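Trainee: I've got a new model open on my screen and some time before the next spin finishes. Please walk me through it.

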Amino acid sequence: MDAAERLAERARTESWTHTEYLVACLQREVSARDSHGGEGRIRAARFPAIKTIEELDLTHLRGLTRQQLAHLRTLDFIAAKDNAVFLGPPGTGKTHLATGLAVRACQAGHRVAFATAAQWVDRLAAAHQAGRLQDELVKLGRYPLIVIDEVGYIPFEAEAANLFFQLVSNRYERASVIVTSNKPFGKAHMFRRTRARCCLNSTRSKRIGRPPGRT
């Protein structure tokens, strides 16, 4: 039995008016479209694996409190066009946290693109060689959120570093970035308007919050 028939049966049982039945059908259709849209945005984001915030084990995120996680889950930083930077050594849950927030953004109606730093540079280098770098940057600028995973794991040559800088600076005050890195925050100085800095450590607590002076 499809949704309309189930609603019709309920309408007969509960003596709904025609208007009440029509409203219920429309609400069901809107809900279904929103759900399918979220699934499509998740597929288009090209996550290496689907991870949700609900699956996070906070015992491994020792620099993140439940209150701070709840604040990040509101996605207010996307509305403010701010950035979130998650720092820490391998195995501390940075990618899971970034993916979970990005999946939530997809479900909330935001277009998202996910890639490692090296993959982003390869994509921009190909666009540069084809003479369409600016077009690619404009295209990416239409995404409310992109995730740049694993910054600092592979050193960049000068040209690659320049392309990476253009990707980040092109989004300044225009759209949000989530970054994960194993580098100290001082070496990620290009990420201005950073709303959340999360320092994760597998052995001792660190801190999360807005860096002073938010520029």
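**Charges, cores and loops**

Mentor: Let's start with Glu 54, which is exposed at a relative accessible area of 54%. Buried means under 20% relative accessible area, exposed over 50%, and partly exposed in between, with a 1.4 Å probe and protein chains only. This is a predicted model: local features need pLDDT of at least 70, side-chain atom pairs count only at pLDDT 80 or more, and totals for chains, interfaces and linings use all residues. Residues are numbered from 1 along each chain as its sequence is written, and side-chain values use heavy atoms, with hydrogens and water left out.

Trainee: Good to know. Which side chain meets Glu 54 in a salt bridge?

Mentor: That is Arg 104, at 3.9 Å from N to O. The pair connects distant parts of the chain, with Arg 104 in helix H5 and Glu 54 in the loop between H2 and H3, 50 residues apart. A salt bridge here is a side-chain nitrogen of Lys or Arg within 4 Å of a carboxyl oxygen of Asp or Glu. Helices (H or I, at least four residues) and strands (E, at least two) are DSSP runs, numbered from the N terminus.

Trainee: And how exposed or buried is Arg 104?

Mentor: Arg 104 is partly exposed, at 28% relative accessibility. Arg 104 and Glu 54 also belong to a network of salt bridges together with Arg 73.

Trainee: How many salt bridges does the structure hold?

Mentor: Five. One of them joins Arg 123 and Glu 136, whose closest N and O atoms are 2.5 Å apart. Arg 123 sits in helix H6 (residues 117-129) and Glu 136 in helix H7 (residues 133-141), 13 residues apart, so this pair also links distant parts of the chain.

Trainee: Is Glu 136 buried or exposed?

Mentor: Glu 136 is buried, with a relative accessible area of 7%, whereas its partner Arg 123 is partly exposed at 31%.

Trainee: What about Glu 9, which residue does it form a salt bridge with?

Mentor: With Arg 12, the closest N and O atoms being 2.9 Å apart. The two are three residues apart in helix H1 (residues 3-14), which puts about one helical turn between them. Glu 9 is partly exposed at 39%, while Arg 12 counts as exposed at 57%.

Trainee: Let's zoom out. How many helices and strands are there?

Mentor: Eight helices and six strands. From the N terminus on, they run α-α-α-α-β-α-β-α-α-β-α-β-β-β. The protein has 215 residues, and 41% of them count as buried.

Trainee: So what's in the largest nonpolar core?

Mentor: The largest core has 27 residues, and those with the most contacts inside it are Phe 47, Phe 86, Leu 97, Val 112, Leu 145 and Ile 178. Among the elements giving it two or more residues are helix H2 (18-45), strand E1 (83-87), helix H5 (94-107) and strand E3 (145-151). H5 gives the most, with seven residues. Another core lies apart from it, with 23 residues that include Ala 113, Val 121, Tyr 143 and Val 168. By nonpolar core I mean a set of buried Ala, Val, Leu, Ile, Met, Phe, Trp, Tyr and Cys residues joined through side-chain atoms within 4.5 Å.

Trainee: Back to charges. Which residues gather in the patch of positive charge on the surface?

Mentor: Arg 46, Arg 111, Lys 139 and Arg 142. Patch members have over 30% relative accessible area and no salt bridge, with like charges joined within 9 Å. Arg 111 is in the loop between H5 and E2, and is partly exposed at 40%.

Trainee: Any backbone oddities I should look at? Which residue has a positive phi of about 65 degrees although it is not a glycine?

Mentor: That is Leu 75, found in the loop between H3 and H4. Leu 75 is buried, at 7% relative accessible area. Glu 173 is another residue other than glycine with a positive phi, near 60 degrees. Glu 173 lies in the loop between H8 and E4, partly exposed at 43%.

Trainee: What else is in that loop?

Mentor: Asn 170 lies between helix H8 (158-169) and strand E4 (176-181) too. Asn 170 is partly exposed, at 23%. Asn 170 and Leu 140 are 30 residues apart in sequence, and their C-alpha atoms are 9.1 Å apart in space.

Definitions and conventions
Patch = residues over 30% accessible without salt bridge, like charges linked within 9 Å, V, L, I, M, F, W, Y side chains within 5 Å. Areas by Shrake-Rupley, 256 points an atom, 1.4 Å probe, with all protein chains shown as cover. Lys, Arg positive; Asp, Glu negative; His and termini not counted. Charge placed at Lys NZ, Arg CZ, Asp CG, Glu CD.
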